[in-house]
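Trainee: I am new to this structure and would like a close look at one part of it. Could you walk me through it slowly?

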Amino acid sequence: MTSWSDLEAEAIDLAAAVSQRFGAHLHHILATVRATGAPRLSGVEVRIGDGEVWLGMMPDSAKSRDLRRDPRLALHSAPVETDLKLGDAVIDGRAVEIARDAPDRGEAELALARAIAAGAGSGDAAAGAEELVAGADLFRVDLTGVSLVQVDGEELVRTAWRPGGPPTVARRR
């Protein structure tokens with residue numbers, strides 16, 4: 001399994017930039033595969049903490065059912081800036097569910113609650129994090145790739161990383 005810490009160890013600058021994009025606002029886009037094979041796009045909150053990418057969802061939601069059946073996913077930062085100076089980030093991977101009866105469920109809930117609290121800013125939002133996480137369908141993301149697309153002058157610059165290698169940069173006019 002490839003974690004966020006693996007990305008940080010192999011491509012620290014890319015990890016920092018992608019983390020910044022996902023931390024810039026609360027809601028992002030999750031792409032999953034429906035039972036019919038068609039794609040499903042859903043809103044999702046993405047949290048990065050304790051060396052992992054975390055997803056918490058309403059119990060038995062359509063996206064949770066999709067991920068249980070087919071764990072492949074893409075997370076899109078869904079930037080709101082039109083100039084893409086800070087970039088448009090995507091995390092590709094596979095969802096690994098932390099079942100309610102899993103021995104590491106409590107540790108995973110605490111890790112996600114800490115990540116929520118770290119990004120919450122206010123004590124009230126942080127205080128409710130543990131309660132919110134306790135009833136959620138909880139997934140950790142096994143990374144298969146990360147990319148960041150930015151506009152640099154008149155060029156589109158794509159920095160991409162796959163586990164086990166250095167990031168690659170492609171430029172296009």
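Which side chain does a polar contact join to that of Asp70? Please start there, and then show me what lies around it.

Mentor: Happy to! Keep in mind throughout that this is a predicted model. The partner you ask about is Arg72: a polar contact of 2.6 Å joins its side chain to that of Asp70. To find the spot, follow helix α3, residues 62-69, to the loop between it and strand β4, residues 72-76; Asp70 lies in that loop. Although it sits in a loop, Asp70 is buried, because its relative accessible area is 15% and buried means under 20%.

Now step back into α3, where another acidic residue is worth a look. Asp66 forms a salt bridge with Arg40, and their closest N and O atoms are 2.5 Å apart. This pair links distant parts of the chain, since Asp66 belongs to helix α3 and Arg40 to strand β2, 26 residues apart. Are these two partners buried or exposed? Asp66 is buried, with a relative accessible area of 1%. Arg40 is buried as well, at 19%. As a general point, side chains of opposite charge can pair when their charged atoms come close.

There are further pairs to find, for the count of salt bridges comes to 12. One group is a network of salt bridges that links Asp60, Arg65, Arg68, Glu97 and Asp137. Elsewhere, Arg140 forms a salt bridge with Asp104, with 3.7 Å between the closest N and O atoms. Arg140 is in strand β6 and Asp104 in the loop between β5 and α4, so this pair ties together parts that are 36 residues apart in sequence. Here the partners fall into two classes: Arg140 is buried, with a relative accessible area of 15%, whereas Asp104 counts as partly exposed at 29%. Strand β6 takes part in another pair too. Arg171 forms a salt bridge with Asp152, and the closest N and O atoms are 3.6 Å apart. Because Arg171 lies in strand β8 and Asp152 in strand β6, the pair ties together parts 19 residues apart in sequence. Arg171 is partly exposed, at 48%, and Asp152 is partly exposed, at 44%.

Let us turn from charges to the nonpolar side chains. The largest nonpolar core has 25 residues, and those touching the most other members are Leu7, Val18, Leu55, Leu75, Ile91 and Leu143. Elements giving two or more residues to this core include α1, α2, β2 and β3, as well as β4, the strand you met at the start. Strand β6 gives the most, with five residues. For a view from inside, select Ile91: leaving aside neighbours within four places in sequence, its contacts include Trp4, Val18, Phe22, Leu75 and Leu143. In soluble globular proteins, nonpolar side chains tend to be buried together.

Val18 and Phe22 bring us to helix α2, whose buried residues are Leu14, Ala15, Val18, Arg21 and Phe22. They cover an arc of only 130° around the axis, which puts them on the same side of α2. The face turned away from that buried side carries the exposed residues Ile12, Asp13 and Gly23. As a last check, the 12 residues of α2 should span 16 Å at 1.5 Å a residue, and the end C-alpha atoms are indeed 16 Å apart, so the two agree.

Terms used. Residues numbered from 1 in each chain as written. Predicted model: local features only at pLDDT ≥ 70, side-chain atom pairs only at ≥ 80, totals over all residues. Heavy atoms only, no water. Helix = DSSP H or I, 4+ residues; strand = E, 2+ residues; numbered from the N terminus. Buried < 20%, exposed > 50% of the residue type's maximum accessible area, 1.4 Å probe, protein only. Polar contact = N/O pair within 3.5 Å; in protein donor to acceptor, adjacent residues only side chain to side chain. Expected span 1.5 Å × (residues − 1). Arc of directions from axis to C-beta. Core = buried A, V, L, I, M, F, W, Y, C linked by side-chain atoms within 4.5 Å. Contact = heavy atoms within 4.5 Å. Salt bridge = Lys/Arg side-chain N within 4 Å of Asp/Glu carboxyl O.
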